[in-house]
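Trainee: I keep getting lost when I look at a whole model at once. Please pick the part where sulfur links are made or missed, look at it closely with me, and then work outwards from there.

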Amino acid sequence: MTRPDQGADAPTQSHDGPRIPSDDELARMSTDDLVRLGNQIDDLEVVSNRERFPVPGTRAERRAERQVAGWFIIAALSGIAFLVAFIAWPWEYVGPGEEGGVLYALYTPVIGFLFGLSVFAVGMGVIAYSKKLLPEDLTIQQRHDGRSSEIDRRTAAARLVQTGQQSGITRRKLVYRSIGAAGGVLGLGVLVAAFGGLVKNPWKEGPNSPLLITGWHSEDGERVYMRRDTGESEEVVLVRSGDLAPGAIETVYPFKESQRTHPEELAEVLRSPDSPVMLIHLRPDVTVIKRAGQEDFNYGALFAYSKICSHMGCPTSLYEDQTNRILCPCHQSQFQANEYAKPVFGPATRPLAQLPIAVDDQGYLYARSDFIEPVGPAFWERRS
């Protein structure tokens, strides 16, 4: 208890504990003094404390150091391998049975295994260090509730410093350097895993950037037709306006005549995440409400909406003819097909993007233009 005539920096004397030094005395105390004071304040009794290797530099100590450093070296090497695999491994989609399909299928398992091995090795290195190199001690402490005081925090920090000094980490260069390498590489790996997808500039192509256009975008005025997926990527079957019965729905994909002789482009369109479009033929007795500015996007009772849900990007592949509702199976968002695919249930808050369509002289359906708004979930450039 501090007497009225004492300053804030004056030492205090507790009736049931050790003498508490003033702030000035506390600042002048050494690490060992702070540790002893902290032990007294925290009711901490050191029963025993001995070095693992009383004689430094013995073969046993060096062997223990190599074992500990080995784990950290494994962590560093696996972390480097993770970074290389994350950047250089073929990550773009390749279908099963196609050339490169096995490497693509192994991408996620490889980077997951290497990153997990790096984390595991760091943990094993820390455990091995504490068991093989840290001093053996036995202490007994009474538990106290409540927030620690300033003096408690200082003495606890001093204990950590003393533990580091007693561990001999500074003189064990192999362990010290391997820990630094493992920690640095693992930390870099965490950053790469978190921000690797942001390295590329998605806007470097200006108005033709991938987030702003889809496979329905026409280059040089080439017409983009609607195509069925028959299961054979090289087979091209175009969709006519009379192919769908009233109440029917079909998923269609973009096709350009210039792609006909390029099998890889024909296959890529079927894999593209923003290409699928739901072509819906509404029944003639259904009342239709159109979105402002998109009154002529349909062709008769045929409406084309992006299949990518505006909530989280799942495929809205279910359609209920009686209610004219499009359903997303992931989070149960529902969209009203006869009211510009506006959301009527679930977490989605924006309508599905509508594709403007028309029919050529032979009756084949084509896209008059690309979507006039981004498809799928929101991103910060979205204006609607």
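Mentor: Let's start with the words we'll lean on: a residue is buried when its relative accessible area is under 20%, exposed when it is over 50%, and partly exposed in between. Also keep in mind that this is a predicted model.

Now to the sulfurs. There is 1 disulfide in the structure, and it joins Cys-314 to Cys-330, with 2.4 Å between the two sulfur atoms. Turn the view so you look along the S-S bond: the angle about it is -105 degrees, which makes this link left-handed. Follow the chain out from each end and you'll see that the pair connects distant parts of it, 16 residues apart. Cys-314 sits in the loop between β8 (302–306) and β9 (318–320), while Cys-330 is in the loop between β10 (325–327) and β11 (334–336).

How covered are the two partners? Cys-314 has a relative accessible area of 13%, so it is buried. Cys-330 comes out at 37%, so it counts as partly exposed.

Next, the missed link. The cysteine sulfur closest to that of Cys-309 belongs to Cys-328, and at 3.9 Å it is too far away for a bond. Here's the reasoning: a disulfide needs its two sulfur atoms within 2.5 Å, so a gap of 3.9 Å leaves Cys-309 and Cys-328 without a bond to each other. Look from the other side and the story holds, since Cys-328 is in no disulfide and its nearest cysteine sulfur is that of Cys-309. Both are tucked away: Cys-309 is buried at 1% relative accessible area, and Cys-328 is buried at 3%.

While you're in this neighbourhood of the sequence, look at Asn-324, in the loop between β9 and β10. Its phi is near 60 degrees, a positive value in a residue that isn't glycine. That stands out because most residues other than glycine have a negative phi. Asn-324 has 7% relative accessibility, so it counts as buried. Compare Asp-220, which also has a positive phi near 60 degrees. It lies in the loop between α6 (173–195) and β5 (224–227), and with 85% relative accessibility it counts as exposed.

Working outwards, let's swap sulfurs for charges. The structure holds 9 salt bridges, and here are some of them. Arg-368 pairs with Asp-296, the closest N and O atoms being 3.2 Å apart. This pair also links distant parts of the chain, 72 residues apart: Arg-368 is in the segment after β14 (365–367), and Asp-296 is in the loop between β7 (277–281) and β8. Arg-368 is partly exposed at 39%, and Asp-296 is partly exposed at 43%. Another salt bridge brings together the side chains of Glu-339 and Lys-342, at 3.0 Å from N to O. Lys-342 has 26% relative accessibility, so it counts as partly exposed. Some salt bridges share partners, and in that way Arg-228, Asp-243 and Glu-250 are joined into one network. Within that network, Arg-228 and Glu-250 come to 2.5 Å at their closest N and O atoms. Arg-228 is in the loop between β5 and β6 (249–255), and Glu-250 is in strand β6 itself. With 18% relative accessibility, Glu-250 counts as buried.

One last stop, on the surface. Arg-59, Arg-62, Arg-63, Arg-66 and Lys-132 make up a positive patch. Helix α3 (residues 59–88) gives the most to it, with 4 residues. An α-helix has 3.6 residues a turn, so residues three or four places apart point the same way. Lys-132 comes from helix α4 (residues 101–132), and at 34% relative accessibility it counts as partly exposed.

Conventions
Residues are numbered from 1 along each chain as its sequence is written. This is a predicted model: local features need pLDDT of at least 70, side-chain atom pairs count only at pLDDT 80 or more; totals for chains, interfaces and linings use all residues. Side-chain values use heavy atoms; hydrogens and water are left out. Patches are made of residues with over 30% relative accessible area and no salt bridge: like charges are joined within 9 Å, nonpolar side chains (Val, Leu, Ile, Met, Phe, Trp, Tyr) within 5 Å. Accessible areas come from the Shrake-Rupley method with a 1.4 Å probe; for residues, only the protein chains shown count as cover. A salt bridge is a side-chain nitrogen of Lys or Arg within 4 Å of a carboxyl oxygen of Asp or Glu. Lys and Arg count as positive and Asp and Glu as negative; His and the chain ends are not counted. The place of a charge is taken as NZ of Lys, CZ of Arg, CG of Asp or CD of Glu. Helices (H or I, at least four residues) and strands (E, at least two) are DSSP runs, numbered from the N terminus. Buried means under 20% relative accessible area, exposed over 50%, partly exposed in between (1.4 Å probe, protein chains only).
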